Amino acid sequence: VTASFITAYTVTPQARRHGSISPNTPQQVSEGHTASFTVTPDAGYAVRKIFGCGGTLADNIYTTGPITQPCTVMALFQPVRKYVVVARAGRHGSISPSGVQRVLPGTALSFTVTPDNGYAVRSVSGCGGSLDGSTYTTGSINRACMVRATFK
């Protein structure tokens with residue numbers, strides 16, 4: 001009779017505030033094998049850093065290196081930088097919503113442009129957008145910008 005044994009080690013996942021890691025319970029991993037975890041930031045947050053067990057992050061999957069001892073995978077999160085978009089209307093009309101909005105990168109915004117009675121829209125510009133009827137839609141916001149509406 002020959003007996004052989006496989007050594008397994010505990011890989012413990014931990015996520016700080018503003019996100020999660022799954023599975024979120026300690027995993028038994030055979031020596032020399034790897035473990036994978038899905039890292040999910042809360043809305044408005046991004047992965048700041050994930051480390052431990054000699055792993056790498058690809059998209060939202062963290063895969064450890066070959067496990068040779070007990071270890072911990074730690075995920076840290078940070079707020080995603082938001083960009084300021086200012087919308088202003090000239091005399092004789094309005095833009096809605098107006099004023100300051102803070103948006104996540106990649107967001108596109110829509111505004112309704114309304115001239116006063118007896119006036120028409122002269123132009124709407126800013127934030128890489130285009131006007132379709134009375135709706136101005138920005139391009140993907142990746143920096144602070146301003147939308148301006150003028151009337152004639």
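Let me begin with strand 10, which in this predicted model has two unlike faces: Gly93 and Ile95 make up the covered one, while Ser94 and Ser96 make up the uncovered one. Strand 10 covers residues 93-96 and is an edge strand of its sheet, as is strand 14 at 130-132, and each of these two pairs on one side only. The sheet in question is an open one of four strands, in the order 10-12-15-14, and the pairing within it is antiparallel. If you turn the model so that you look across this sheet, neighbouring strands are rotated against each other by 25 degrees on average, with direction ignored.

How is strand 10 joined to strand 12? The two run antiparallel and are connected by four bridges, and on the strand 12 side the bridge partner of Ser94 is Thr114. Strand 12, residues 110-115, also pairs with strand 15, residues 135-137, again in the antiparallel sense and over three bridges. In that pairing Thr112 is found opposite Thr135 of strand 15. As a general reminder, the strands of a sheet pair through backbone hydrogen bonds, either parallel or antiparallel.

At the two ends of strand 10 there are backbone details that deserve a look. In the loop between strand 9 and strand 10 lies His92, which has a positive phi of about 80 degrees although it is not a glycine; with a relative accessibility of 27%, His92 counts as partly exposed. On the other side, the peptide bond from Ser96 to Pro97 is cis, with omega near -5 degrees, and Pro97 belongs to the loop between strand 10 and strand 11. A further cis peptide bond runs from Ser22 to Pro23, also with omega near -5 degrees, and Pro23 is placed in the loop that connects strand 2 (19-22) to strand 3 (27-30).

Moving on to another sheet, we have four strands in the order 11-9-16-13, which form an open sheet with mixed pairing. Its edges are strand 11 (99-103) and strand 13 (121-125), and since each has a single partner strand, one side of each is left without a neighbour in the sheet. The twist from one strand to the next averages 15 degrees here. Within this sheet, strand 9, residues 83-89, pairs with strand 11 in the antiparallel sense over five bridges, and Val85 stands opposite Gln101 of strand 11.

Which residue of the loop after strand 15 should we look at? I would choose Thr138, which lies between strand 15 and strand 16 (145-151). With a relative accessibility of 5%, Thr138 counts as buried. Once its neighbours within four places in sequence are left aside, Thr138 is in contact with Thr107, Ala108, Leu109, Phe111, Cys127, Gly128, Gly129 and Val147.

One of those contacts, Cys127, brings me to the disulfides, of which the count comes to two. Cys127 is bonded to Cys145, with the sulfur atoms 2.0 Å apart, and this pair links distant parts of the chain, as Cys127 is in the loop between strand 13 and strand 14 and Cys145 is in strand 16, 18 residues apart. The torsion about the S-S bond is about 110 degrees, so this disulfide is right-handed. Both cysteines of the pair, Cys127 and Cys145, are buried, and for Cys127 the relative accessible area is 12%. Cys127 is also a residue with a positive phi, about 60 degrees, although it is not a glycine.

What, then, does the pair of Cys53 and Cys71 look like? Their sulfur atoms are 2.1 Å apart, and the link is right-handed, with 115 degrees about the S-S bond. Cys53 sits in the loop between strand 5 (45-51) and strand 6 (56-58), whereas Cys71 is in strand 8 (residues 71-79), so the disulfide ties together parts that are 18 residues apart in sequence. Cys53 is buried at a relative accessible area of 16%, and Cys71 is buried at 17%. Counting bonded cysteines along the chain, the disulfides follow the pattern 1-2, 3-4.

Finally, a word on the aromatic rings, where the count of aromatic pairs comes to zero. There is, however, a charge over a ring: the charged end of Lys49 sits over the ring of Phe51, 5.1 Å from the ring centre.

How values were computed
Residues numbered from 1 in each chain as written. Predicted model: local features only at pLDDT ≥ 70, side-chain atom pairs only at ≥ 80, totals over all residues. Heavy atoms only, no water. Pairing = 2+ DSSP bridges. Axes fitted to C-alpha atoms, helices over the stretch in contact; angles between N-to-C directions. Buried < 20%, exposed > 50% of the residue type's maximum accessible area, 1.4 Å probe, protein only. Phe/Tyr/Trp six-rings, centres within 6.5 Å; stacked < 30°, edge-to-face > 60°. Lys NZ or Arg CZ within 6 Å of the ring centre and 35° of its normal. Contact = heavy atoms within 4.5 Å. Disulfide = S-S within 2.5 Å.
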